[in-house]
Amino acid sequence: MVSAAGTALAAPLVAAGCDIDPPARSGGSSPATPPPPEDAELVATVVAELVRAGAALEAATLSAPDLTPLLAPVAAAHAEHLELLAGAVADADVPTAEPRSIAGGRAKALAAVRRSERRLQRVVRDACVAAASGDLARALASVAASTAQHGAALAGTPTGTGVTT
Amino acid sequence: MSVLDALQSALAEEHATLWTYGVLGARTSQATSPELYATLTTAYRRHRSRRDQLRLMVRDAAGEPVAAAVAYELDGALVRAPQVQRAAAGLEAAGVEMLLALVARSSGEVREWALTEATWSAVWQVELGGSAQTWPGAAELG
């Protein structure tokens, strides 16, 4: 099933018409030809990475429940990113990932999340640069920017007890 | 819109951003708001470098870089430190949107550069007190 948001991003991948044209300031002209099929593979890679990052967040909150208020906004953003991108590869299976337990409490859980987010950032960035579709590249750039913002917020969080925002 | 058009639009906005940062810095006391002053100074330097790079990219694309205006309009009162900080965060948010447009219209090294700068501005928006967003620079995707 393709969500409404997914349909918006799927358009440039499956048809010449494009429903996620950038705002007027960027010109807004649609791609004249359908993007090449390698973009679908690229999106599938990012989708798999978002699923993995989501599992890492879940593992961290299971390991250190007091991290939940800190990590919930990150998980919510990833869920929205996943919804949009997974809709663009509706024919492909969205992978699943089981959260792995993290031993060592809050500090190690938070460190694992930071590593995971940096890895996600790299994958999304590479996909953005490689995308054939400019509209897809723009969406991926926004995902990368969002991930960097959440990463910056996490970087300022002490690893000891107590959550600061 | 061509890559050159997108570069020129980005450069025109960068001129305005740099001018505005100059005003914000002038209205911030290094003595009473040292952290904000340092944050604004870092941003000013980054945007000055970004403007210079955009000029080079425009020339590489066989264009004549657009010139800066003599002055630009400021939105709202910018007297107190929180107002200055919010205005600076707004500049970075607008910068992300502008750079994402360049990402969409470019490829290769130009796109990679625009992505790097968009990511920096998104992070600096948080540094300036903004919240992390789900779709920075592309709110309509949400």
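This is a short chat about how chains A and B touch in a predicted model.

Q: What kind of model is this, and what pLDDT do local features need?
A: It is predicted; local features need pLDDT of at least 70, side-chain atom pairs count only at pLDDT 80 or more, and totals for chains, interfaces and linings use all residues. Residues are numbered from 1 along each chain as its sequence is written, with chains lettered from A and ligands numbered from 1 in the order in which they are written.

Q: How many residues does each chain give to the contact?
A: Chain B gives 27 and chain A gives 29. Contact means C-beta atoms, placed from the backbone, within 7 Å.

Q: Which element gives the largest share on the chain B side?
A: H4(B), with eight residues. That side divides into 17 nonpolar, five polar and five charged residues. Nonpolar is Ala, Val, Leu, Ile, Met, Phe, Trp, Tyr, Cys and Pro; charged is Asp, Glu, Lys and Arg; the others, Gly among them, are polar.

Q: Switching to helices. At what angle do H5(A) and H4(B) pack?
A: About 35 degrees, with axes 8 Å apart. Axes are lines fitted to C-alpha atoms, for helices over the stretch in contact; angles run from 0 to 180 degrees between N-to-C directions. Helices are DSSP runs (H or I, at least four residues), numbered from the N terminus.

Q: Which residues make that contact?
A: Among them are A:Ala141 and A:Ala148 of H5(A), and B:Leu115 and B:Val123 of H4(B). The contact divides into twelve nonpolar, two polar and one charged.

Q: And where do the axes of H5(A) and H3(B) cross, in degrees?
A: At roughly 140 degrees, coming within 7 Å.

Conventions: Helices (H or I, at least four residues) and strands (E, at least two) are DSSP runs, numbered from the N terminus. Two residues are in contact if their C-beta atoms, placed from the backbone, lie within 7 Å.
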